[in-house]
Amino acid sequence: MHPDVVIECIGSGSMGIVYTGQDPDLGRRVALKVLRPDSAGGSSGGARRRLLREAQAMARLAHPNVVGIYDV
């Protein structure tokens with residue numbers, strides 16, 4: 001398995017940064033959301049729990065304008 005190729009930053013917010021990329025094995029565009037180091041730290045793990053809840057909610061949706069979730 002090859003790592004995704006990061007193309008560019010497409011957005012950022014208080015929790016993280018989103019990049020567009022390319023999955024060379026499957027030949028498709030992907031979005032990669034990366035947590036900011038300051039939001040991922042801490043003993044509570046609140047940012048990680050929020051990211052997991054966001055991914056679970058997104059995984060339940062099936063719509064052409066909503067990106068699919070493949071990994072968390």
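Start with the whole chain, coloured by accessibility. Buried residues make up 19% of its 72 residues. This is a predicted model, so switch to confidence colouring next. The mean pLDDT of the chain is 81, and 86% of the residues score at least 70. Strand E1 has the highest confidence, at 93. Helix H1, residues 37-40, has the lowest, with a mean of 62. Where pLDDT is low, predicted coordinates should not be read in detail. Keep that in mind at the H1 stop.

**Cartoon view**

Show the secondary structure. There are two helices and three strands. Along the sequence they follow the pattern β-β-β-α-α.

**The sheet**

Select 5-12, 16-23 and 28-35. These are E1, E2 and E3. The three strands form an open sheet in the order E1-E2-E3, with antiparallel pairing. Which strands stand at the edges? E1 and E3 do; each has a single partner strand, so one side of each is left without a neighbour in the sheet. Look along the sheet for the twist, which averages 30° from one strand to the next. Strands of a sheet pair through backbone hydrogen bonds, so turn on the backbone atoms before moving on.

**E1 against E2**

Keep E1 and E2 on screen. They pair in the antiparallel sense over six bridges. The two strands form a hairpin with three residues between them. Pick two pairs across this border:

- Val 5 stands opposite Gln 22 in E2.
- Val 6 has Gly 21 of E2 as its bridge partner.

Stay on Val 5, which sits in strand E1. Is Val 5 buried or partly exposed? It is partly exposed, with a relative accessible area of 44%. Now add Pro 24 and draw a distance between the C-alpha atoms. Val 5 and Pro 24 lie 7.4 Å apart in space, though 19 residues separate them in sequence.

**E2 against E3**

Hide E1 and bring in E3. Eight bridges join E2 to E3, and the two run antiparallel. Step along the pairs:

- Val 18 stands opposite Lys 33 in E3.
- Thr 20 has Ala 31 of E3 as its bridge partner.
- Gly 21 stands opposite Val 30 in E3.

Gly 21 has now appeared twice: it is the partner of Val 6 from E1 and stands opposite Val 30 in E3. Then go to the turn. The hairpin of E2 and E3 has four residues between the strands. Select Gly 27 there and check its backbone torsions: phi is positive, near 65°.

**Helix H1**

Select 37-40. This is H1, the element with the lowest confidence in the chain. Pro 37 has its place in this helix. Is Pro 37 buried or exposed? At 73% relative accessibility, Pro 37 counts as exposed, because the cut-off for exposed is over 50%. Add Gly 16 to the view. Pro 37 and Gly 16 are 21 residues apart in sequence, with 8.5 Å between their C-alpha atoms.

**Helix H2**

Move to 46-59, a helix of 14 residues. How far should H2 span? At 1.5 Å a residue, the expected span is 20 Å; the end C-alpha atoms are 20 Å apart, which agrees. Now colour by burial. In H2, the buried residues are Gly 46, Ala 47, Leu 51 and Ala 55. An α-helix has 3.6 residues a turn, so residues three or four places apart point the same way. View down the helix with these side chains shown: Ala 47, Leu 51 and Ala 55 are among the buried ones.

**The largest pocket**

Finish with a surface. The largest pocket holds about 870 Å³ of space. How many residues line it? The lining counts 27 residues. Nearest its centre are Ala 31, Leu 32, Lys 33, Tyr 70 and Asp 71. Select those five and centre the view on them.

Then colour the lining by element. E2, E3 and H2 each supply at least two residues. E3 gives the most, with eight. Two residues from the E2-E3 stop return here: Ala 31, the bridge partner of Thr 20, and Lys 33, which stands opposite Val 18. Both belong to the group nearest the centre of the pocket.

Technical notes. Residues numbered from 1 in each chain as written. Predicted model: local features only at pLDDT ≥ 70, side-chain atom pairs only at ≥ 80, totals over all residues. Heavy atoms only, no water. Pairing = 2+ DSSP bridges. Axes fitted to C-alpha atoms, helices over the stretch in contact; angles between N-to-C directions. Expected span 1.5 Å × (residues − 1). Buried < 20%, exposed > 50% of the residue type's maximum accessible area, 1.4 Å probe, protein only. pLDDT = per-residue confidence, 0-100. 1 Å grid on protein atoms, 1.4 Å probe; cavity = no way out; pocket = protein on both sides within 12 Å on 5 of 7 lines; lining within 4 Å. Points joined across faces, edges and corners; volume = space filled by probe spheres on them.
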